[in-house]
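Q: Could you take me through the largest pocket of this protein, with the surroundings that help me place it? I would like the cut-offs behind each term as well.

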Amino acid sequence: MQLSRRDFLKVTGSGLVVAACMPSTALAFYPDQPRSLALNNLHTGEALETCYFDGRQYLSGELARIDQICRDFRRNEVHPMDKRLFDQVAQIQSVLGTQAEVQIISGYRSPATNQALRNKSSKVAKKSYHMLGQALDFRLQGVDLKRVRDAARSLKAGGVGYYPRSNFIHIDTGPVRYWA
């Protein structure tokens, strides 16, 4: 079947409209696109620019570098992070039209660290997804936190917590749910 120029433009244009209106599906439509992030752990001062997905596969060496920067810095423990978290961050950036640096507040937390934090604050979950490497607390440098929260919620990809007083949002790969 051969498309006319007009039909081709209609099909292409409608695909772009769908991707713009439904950003959570944009990566599904273009799964072969490389995914890159600039990360900065605010507690350790470590920075990392990485292309963790090359358009065909996840790059284990780059995922290991992400695991390192997201480690429990209090105990210096590294744990595998769920790569879907970083896909969520890439999608959030896509929705917002930014490549802003991802400022990491908290990635993996050991059970001991999580308990110590629970002893100081009632806002720390007993069965935190951080202990499974399935949660990330972060902000995007220079991007309004409400916009980041709204973009994260629009994905319907897991939990989204909003902490404006502490200037970060929480995302995880658990069930879809929201809290302030």
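A: Happy to. The largest pocket has a lining of 32 residues, and R109, K123, D137, Y163 and F168 are the ones nearest its centre. Strands that each supply two or more lining residues are β3 (102-106), β4 (135-140), β5 (159-163), β6 (168-172) and β7 (177-179). Of these elements, β6 gives the most, with 3 residues. Helices (H or I, at least four residues) and strands (E, at least two) are DSSP runs, numbered from the N terminus.

Before going further, a word on the source: this is a predicted model, in which local features need pLDDT of at least 70 and side-chain atom pairs count only at pLDDT 80 or more, while totals for chains, interfaces and linings use all residues. Residues are numbered from 1 along each chain as its sequence is written, and side-chain values use heavy atoms, with hydrogens and water left out.

The space in the largest pocket comes to about 650 Å³. A pocket here is an open set of points on a 1 Å grid over the protein atoms alone, where a 1.4 Å probe fits, with protein on both sides within 12 Å along at least five of seven lines; lining residues have an atom within 4 Å of a point. Grid points are joined across faces, edges and corners, and the volume is the space filled by probe spheres set on the points.

By class, the lining of the pocket holds 13 nonpolar, 11 charged and 8 polar residues. Nonpolar covers Ala, Val, Leu, Ile, Met, Phe, Trp, Tyr, Cys and Pro, charged covers Asp, Glu, Lys and Arg, and the others, Gly among them, are polar.

Two of the residues nearest the centre, Y163 and F168, also form a stacked aromatic pair, 4.8 Å centre to centre with 25° between the planes. Rings of Phe, Tyr and Trp (its six-membered ring) pair if their centres lie within 6.5 Å; planes under 30 degrees apart count as stacked, over 60 as edge-to-face and the rest as tilted. Both Y163 and F168 are buried, where buried means under 20% relative accessible area, exposed over 50% and partly exposed in between (1.4 Å probe, protein chains only).

The loop between β5 and β6 contains N167. N167 has a positive phi of about 60° although it is not a glycine, and with a relative accessible area of 34% this residue is partly exposed. A positive phi also appears at N76, about 55° and again not a glycine. N76 sits in the loop between α3 (60-69) and α4 (83-96), and counts as exposed at 54% relative accessibility.

For the wider setting, the protein has 6 helices and 7 strands, following the pattern α-α-β-β-α-α-β-α-β-α-β-β-β along the sequence. Of its 180 residues, 43% are buried. Among contacts with a separation of 6 or more, 55% join residues 24 or more positions apart; contact means heavy atoms within 4.5 Å.

One residue with such contacts is N40, in strand β1 (residues 35-41). N40 is buried, with a relative accessible area of 15%, and beyond its neighbours within four places in sequence, its contacts include V102, Q103 and I104.
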